[in-house]
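Colleague: Could you take me through one part of this model up close? I'd like a proper look, residue by residue where it helps.

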Amino acid sequence: MDNTQTIGNVTEQGICNESGDASEKENENLFVGFDTLFDQMAEGVFTINSRWRITTFNRRAQEITGFSREEVLGKYCWDIFSSDLCKSNCPLKRAIETGEPCTDQDIRIAVKDNQNQSILVNTSAIRNNRNRVVGAIETFRPLTVPDNADNKTDSGTNYLNEIIGESSHIKKIRRQIPDIAATETTVIIEGEPGTGKELVARAIHQQSNRSSCPFISVNCSALSGNLLESELFGHVKDAFKGAVNAKVGKLEAAKGGTLFLDEIGEIKPETQIKLLRVIEDGVFERVAGIRSIPMDTRIIAATNKNLPAEVREGRFREDLYYRLRTVPLYIPPLRERKSDIPLIISHYITKFNKKYNRKVKRIDSRTQKILSQFSWPGNIRELERILEYAFVFVKGPVITASHLPEIESSTVPAGPKGSNKALTEDEKTAIENVLKKTKGRRDDACRILGISRTSLWRKMKAHGLL
């Protein structure tokens with residue numbers, strides 16, 4: 001009798017006892033060795049009998065699912081796991097019906113408290129010493145999930161109220177958000193870095209029926225083509241060098257919620273094709289995978305590039321552009337809505353008073369004039385950083401110019417509205433002045449400008465400043 005038959009024989013009498021003839025004492029004696037062995041395993045393990053009832057459930061399985069052994073023994077496996085494959089392509093069913101093992105199958109299950117969990121499973125039929133299938137065994141472990149896969153919208157923050165301003169354009173955006181949120185259409189948000197594109201995306205998500213599910217953000221400029229595909233779609237084990245485990249992509253981790261693709265204009269043409277196919281077909285595959293995974297995720301994209309120009313230059317696919325641009329939103333730069341600056345300042349004073357336990361009431365008139373005349377190449381993000389800098393040093397109720405970083409030297413007059421050349425020169429001059437002031441230290445320049453290192457590098461390259 002080989003090992004499989006020995007295990008199968010014991011299993012038929014104990015773990016997968018179909019007849020129910022074995023006494024409790026006999027079962028207890030038979031279980032001692034196997035329960036101890038199973039409880040030492042790093043993976044979750046459970047077995048079912050031929051009637052699909054759970055007969056063993058190890059310690060690791062309890063940790064992964066949140067269910068205790070007492071809660072699951074004797075229950076149907078589908079009542080416990082509620083897998084997305086239970087009714088269509090169950091790995092246990094395939095193992096029992098074909099007698100062949102099923103390896104590295106990734107599925108989503110509902111763990112205790114109805115939370116979703118992606119797991120990688122291996123299943124095999126259990127046979128007795130007469131080679132008859134009497135049940136099945138499954139081992140499983142959690143899949144590697146993106147760090148912010150549980151990044152749900154904070155119910156304590158009303159993102160619609162965080163969109164500050166009384167200018168006509170901002171009022172229009174706030175009016176449109178509830179209508180946009182009520183649909184499932186794709187959205188593209190256009191605007192310079194720091195204007196608040198992700199804030200608008202979060203407001204749309206929070207107002208939608210998907211608000212209880214994750215909002216996950218991906219910066220498309222931060223990853224190369226292959227890494228971005230793995231980040232978006234996930235990958236199977238051994239998909240590429242270093243892929244020692246299967247990984248859930250953010251498109252899958254955002255199931256039921258919203259995926260925000262920031263800087264969409266940076267993705268490579270080959271990734272653009274795959275993204276278009278996903279949006280059109282509503283299904284995707286992991287990198288090197290063969291199983292089609294249904295997409296239940298809303299896509300909101302954002303860009304600071306002129307995508308029509310990118311389309312004309314052949315760097316961005318026209319079909320993807322129009323597919324994303326079902327609903328376009330444009331957020332104007334701060335220099336084009338300077339009437340909103342006092343409201344934004346008041347908002348951040350309230351915010352930083354809470355954060356730093358201060359009692360600042362206002363900024364003085366000279367400081368107000370300085371901030372109103374600044375061209376704000378980093379937009380609202382830059383204004384936020386400057387005010388936070390002031391809160392570090394202010395001691396009384398009024399912020400004065402002495403509490404600000406040295407922004408006057410980098411203040412340049414804004415060019416005429418609509419003059420792209422003038423605005424470009426403004427940005428170049430501001431960056432040059434800030435870099436001069438920081439003696440070339442880019443981290444300090446980013447803090448003052450309120451932009452990321454990637455954005456600063458891209459702007460320096462565009463202006464010939466590298």
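Which residue just after helix 14 takes a positive phi?

Modeller: That's Asn357, with a phi of about 55°. Bear in mind that this is a predicted model. Now back up into helix 14 itself, residues 341-356. With 16 residues at 1.5 Å a residue, helix 14 should span 22 Å, and its end C-alpha atoms are indeed 22 Å apart, so the two agree.

Next, look at what helix 14 tucks away. Its buried residues are Ile341, Ile344, Ile345, His347, Tyr348, Ile349, Phe352 and Asn353. The cover over them includes strand 15 (362-363), helix 15 (365-373) and helix 16 (379-393).

Helix 16 is worth a stop of its own. Here Glu388 and Arg385 form a salt bridge, with their closest N and O atoms 2.5 Å apart. These two sit three residues apart in helix 16, which means about one helical turn separates them. That pair also belongs to something wider: salt bridges with shared partners join Lys351, Lys355, Glu384, Arg385 and Glu388 into one network. As for how open the two partners are, Glu388 has 12% relative accessibility, so it counts as buried, while Arg385, at 28%, counts as partly exposed.

For a contrast elsewhere, try Arg298 in strand 13 (residues 298-303). Arg298 is buried but has no salt bridge. The nearest side chain of opposite charge is Glu184, 5.2 Å away, and a salt bridge needs the nitrogen within 4 Å of a carboxyl oxygen. Arg298 does touch plenty of residues distant in sequence, including Ile180, Thr183, Ile204, Arg210 and Leu259.

Note on methods:
Residues numbered from 1 in each chain as written. Predicted model: local features only at pLDDT ≥ 70, side-chain atom pairs only at ≥ 80, totals over all residues. Heavy atoms only, no water. Helix = DSSP H or I, 4+ residues; strand = E, 2+ residues; numbered from the N terminus. Buried < 20%, exposed > 50% of the residue type's maximum accessible area, 1.4 Å probe, protein only. Lys, Arg positive; Asp, Glu negative; His and termini not counted. Contact = heavy atoms within 4.5 Å. Expected span 1.5 Å × (residues − 1). Lists of a residue's contacts leave out its neighbours within four places in sequence.
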